[in-house]
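Trainee: Got a minute to go through this one with me?
Mentor: Yes, open it up and ask away.

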Amino acid sequence: MKQFTSVQDISDVAALVQEALEIKAQPLTFQDLGRNKTLGLVFMNPSLRTRLSTQIAAQNLGMQVLVVNADKDSWAMEFQDGAVMDGGTVEHIKDAAPVLGSYCDIIGVRCFPGLQSRDADYSEHIMQQFIRYTGKPYVSLESATLHPLQSLADCITIQEHRGARRPKVVLAWAPHIKPIPQPVANSFSEWMLRSDVDFVITHPEGYELDPKFTGNATIEYDRQKALQGADFVYVKNWSSYRDYGKVLCTDSNWMLTEQHLRDAPNARVMHCLPLRRNVELSDEILDGPRSLVQQQAANRVFAAQAVLRRMLS
Ligand code: SN0
């Protein structure tokens, strides 16, 4: 595998989930596979789980890891082709990326969207330039539109906690205090459409995601109806795709509480973290037996390890 940027890079989702579960049972089985190989992680934005879980995964495979916090301790990078660089940016991606490529065997990059221009963000021009100019296998640490390592960890978590019958999975929009990008929701949708689940998305009108990622998923604007009989409820805020980057709804009733789950007695609740307690999700859910957020975070290691293992093999 040369690239992990989307579920489209995976032909066999269920097999990859299975591989991750096998790695979870015995994380050090392939500890020589990555010997003398270097993974370079570039963060244009903050990270806790992605950073640490990917480092642990690489370590478990015997790799060396280099981390660059490009938002802080390296040179401000220019991504515009033909730019006259007489302003704040110091070096062009065309010059910086080949350097990373020469030092590393696999490159991972986190590059959030700017939420100013939908066309620019959805063209993934930053990620595409990293792929092109490093010339090395590439793993997305969350791009402008997708967060595949998170979604793989979510699939692993659902697989571990599902019963025998096909589960009902609901992606439920929740409020936030500021505009948040769409990648986690886009990505979860495209992975759910490739999984053995019934998938429903619920959000206020105006929050429809890019149909490129939601395909023929059911959209139910009545959240109470959407939640009926749910087995998994994935809570997430995102800003509008239609009115790009805008916050259209601040109704605090969209925060998920126990009260909203009265018709879903067995529902387990998921969130990728970080999350705003008592804005997106209530304390009673997070601190209670329904919550799977810590299990999801723990599974980030095995998601990253399954992907890196395929890249090294
Ligand atoms: C990011 C997002 O895409 O939702 C990263 C999630 C892994 N989340 C945020 O930016 C949250 C920021 C905040 O202030 O709550």
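**Loops, ligand and sheets**

Mentor: Start with a loop: Pro274 is found between strand 12 and helix 10 (283-286). Keep in mind that this is a predicted model.

Trainee: Which residue does the cis peptide bond join to Pro274?
Mentor: Leu273 is the partner, and omega of that bond is about 0°. Leu273 also belongs to the residues around the ligand.

Trainee: OK, the ligand then. Which residues are around the ligand?
Mentor: Phe112, Glu142, His176, Lys178, Ile180, Pro181, Lys236, Leu273 and Arg276.

Trainee: How does that shell divide into nonpolar, polar and charged?
Mentor: Four residues of the shell are nonpolar, one is polar and four are charged.

Trainee: What distance separates a polar side-chain atom of Arg276 from an oxygen atom of the ligand?
Mentor: 2.6 Å for Arg276. Lys178 has a polar side-chain atom 2.8 Å from a ligand oxygen. For Lys236, an N or O atom of the side chain is 2.8 Å from an oxygen atom of the ligand.

Trainee: And how much of the ligand's accessible area does the protein cover?
Mentor: On its own the ligand has 410 Å² of accessible area, and the protein covers 85% of that.

Trainee: Where does the ligand sit?
Mentor: In the largest pocket.

Trainee: Switching to sheets. What is the strand order in the one that contains strand 12?
Mentor: The order is 10-9-8-11-12, an open sheet of five strands with parallel pairing. Strand 10 (218-219) and strand 12 (268-270) have a single partner strand each, so one side of each has no neighbour in the sheet.

Trainee: How many bridges pair strand 8 with strand 9?
Mentor: Five, in the parallel sense, between residues 168-173 of strand 8 and residues 198-202 of strand 9. Within that pairing, Lys168 stands opposite Asp198.

Trainee: What about the sheet with strand 1, what order does that have?
Mentor: That open sheet has five strands in the order 1-7-6-2-3, and the pairing is parallel.

Trainee: Why is one side of strand 1 and of strand 3 left without a neighbour in the sheet?
Mentor: Because strand 1 (3-4) and strand 3 (64-69) stand at the edges, with a single partner strand each. Strand 3 pairs in the parallel sense with strand 2 (residues 38-43) over six bridges.

Trainee: Which residue in strand 3 stands opposite Val42?
Mentor: Val68.

Trainee: Last one, back to loops. Where is Leu115?
Mentor: Leu115 is in the loop between strand 6 (106-110) and helix 4 (118-122). Its phi is near 60°, a positive value in a residue other than glycine.

Key. Residues are numbered from 1 along each chain as its sequence is written. This is a predicted model: local features need pLDDT of at least 70, side-chain atom pairs count only at pLDDT 80 or more; totals for chains, interfaces and linings use all residues. Side-chain values use heavy atoms; hydrogens and water are left out. A residue is near a molecule or strand if one of its heavy atoms lies within 4 Å of it. A polar contact is a pair of N or O atoms within 3.5 Å; within protein, one must be able to donate a hydrogen and the other to accept it, and residues adjacent in sequence count only if both atoms are side-chain atoms. Accessible areas come from the Shrake-Rupley method with a 1.4 Å probe; for residues, only the protein chains shown count as cover. On a 1 Å grid over the protein atoms alone, a cavity is a set of points where a 1.4 Å probe fits but cannot get out, and a pocket is an open set with protein on both sides within 12 Å along at least five of seven lines; lining residues have an atom within 4 Å of a point. A molecule sits in a cavity or pocket if more than half of its atoms lie within 2 Å of its grid points. Ala, Val, Leu, Ile, Met, Phe, Trp, Tyr, Cys and Pro count as nonpolar, Asp, Glu, Lys and Arg as charged, and the others, Gly among them, as polar. Two strands pair if DSSP finds at least two bridges between them. Helices (H or I, at least four residues) and strands (E, at least two) are DSSP runs, numbered from the N terminus.
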